[in-house]
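I opened this entry to keep track of what I looked up in the structure, and in what order. The notes below go from the ligand to the rings and then to the annotated domain.

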Amino acid sequence: MSKKQRIDKILSNLGYGSRSELKKFCKNGLVKVNGKVINNPGVQVDVENDEIIFDGEKVTYKEFIYLMLNKPDGYISATFDKRDPIVLDLIDKEDLVFEPFPVGRLDKDTEGLLVLTNDGQLAHRVLSPKKHVPKTYYAKIEGIVTEEDIKAFAKGVTLDDGYETMPAELIILKSDEISEIELTIHEGKFHQVKRMFESVDKKVIYLKRLSMGKLKLDENLELGEYRELTDEEVKMIEERD
Ligand code: URA
């Protein structure tokens with residue numbers, strides 16, 4: 001199936017300029033399709049099969065963008081906030097033209113893996129409560145985390161609003177006054193990890209998301225850094241064992 005669109009729309013969606021700038025660029029002969037200069041910005045082009053050259057360079061078409069951000073503390077997982085910095089403040093202008101948004105939310109003080117995309121269907125599937133995409137977190141906990149907690153989480157605990165959680169897998173990395181754990185949950189209730197620990201009278205003092213589906217946070221990304229996902233990694237978001 002061919003995907004035909006106006007050349008000015010294609011190039012402006014890819015960040016080459018506004019529609020009016022592209023009109024000028026076309027007039028000035030900067031745009032070529034299949035070797036021919038295109039002066040008319042309304043010409044329909046097949047994005048999958050036609051070769052587009054802008055100012056001497058080949059244009060690679062993509063509709064969707066998929067980014068993995070190592071979210072730092074202090075940023076809101078939203079596309080707008082009146083008061084605080086948002087995760088989109090960490091994204092470069094060239095990538096913002098795709099209008100990515102976060103797939104789900106991490107709390108302002110939670111760090112780690114956050115996927116941003118403009119693929120609404122993928123986001124919808126990943127966030128669907130029916131899908132049970134697993135999410136694994138690393139946390140530091142005030143209080144001694146015990147085998148009892150492992151059992152309680154494996155059965156499901158009751159949150160402050162009466163909600164019974166699905167079974168979750170708790171691994172104790174260190175059991176001390178400040179414990180360290182990994183927790184895998186299969187749903188995404190508001191403040192879920194923090195509230196699960198509250199239900200066993202403990203407090204999360206640091207939280208970081210390590211993975212979503214089979215997609216793991218790239219540990220080479222510093223806090224606040226991001227990169228595009230590979231096609232393979234995009235698929236991994238929805239995969240589970
Ligand atoms: N659970 C929480 O409590 N906070 C998050 O940011 C994510 C999961």
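**Ligand.** Before listing anything, I noted that a polar contact here is a pair of N or O atoms within 3.5 Å. I also noted that this is a predicted model, and I read each distance below with that in mind. With that cut-off I looked up H191, and found a polar backbone atom of H191 at 3.2 Å from an oxygen atom of the ligand, which falls within the 3.5 Å limit. I then turned to D107, where a backbone N or O atom lies 2.7 Å from an oxygen atom of the ligand. For V193 the ligand partner is a nitrogen atom, which lies 3.1 Å from a backbone N or O atom of that residue.

Which residues are around the ligand? I wrote down L106, D107, T110, Y137, H191, Q192, V193, K194 and L207, a list that includes the three residues just described.

**Charges over rings.** I next looked up lysines placed over tyrosine rings. The charged end of K189 sits over the ring of Y163, at 4.7 Å from the ring centre, and the charged end of K140 sits over the ring of Y206, at 5.8 Å from its centre.

**Aromatic pairs.** Searching the whole structure, I found 5 aromatic pairs. One of them joins Y16 and F54, whose ring centres are 4.9 Å apart and whose planes make an angle of 55°, so that the pair is classed as tilted, the class between under 30 degrees (stacked) and over 60 (edge-to-face). I asked myself what this pair ties together. Y16 lies in the loop between helix 1 (7-13) and helix 2 (19-27), while F54 belongs to strand 5 (residues 52-54), so the pair ties together parts that are 38 residues apart in sequence.

Is each of the two rings' residues buried or exposed? I noted F54 as buried, with a relative accessible area of 11%, and Y16 as partly exposed, at 29% relative accessibility. I also recorded that ring pairs link Y16, F25 and F54 into a cluster.

**S12.** I looked up S12 in helix 1 and found it buried, at 15% relative accessibility. Leaving aside residues up to four places away in sequence, S12 touches G17, S18, R19 and L22.

**Annotated domain.** Finally I checked the record: an unreviewed UniProt entry carries the annotation "domain: RNA-binding S4" for residues 5-70. Over residues 5-70 I noted 24% helix and 30% strand, with the end C-alpha atoms 35 Å apart.

Notes: Residues are numbered from 1 along each chain as its sequence is written. This is a predicted model: local features need pLDDT of at least 70, side-chain atom pairs count only at pLDDT 80 or more; totals for chains, interfaces and linings use all residues. Side-chain values use heavy atoms; hydrogens and water are left out. UniProt positions are given in the numbering used here, feature names are shortened, and annotations may be inferred rather than shown by experiment. Helices (H or I, at least four residues) and strands (E, at least two) are DSSP runs, numbered from the N terminus. Rings of Phe, Tyr and Trp (its six-membered ring) pair if their centres lie within 6.5 Å; planes under 30 degrees apart count as stacked, over 60 as edge-to-face and the rest as tilted. Buried means under 20% relative accessible area, exposed over 50%, partly exposed in between (1.4 Å probe, protein chains only). A charge sits over a ring if NZ of Lys or CZ of Arg is within 6 Å of the ring centre and within 35 degrees of the ring normal. Contact means heavy atoms within 4.5 Å. A residue is near a molecule or strand if one of its heavy atoms lies within 4 Å of it. A polar contact is a pair of N or O atoms within 3.5 Å; within protein, one must be able to donate a hydrogen and the other to accept it, and residues adjacent in sequence count only if both atoms are side-chain atoms.
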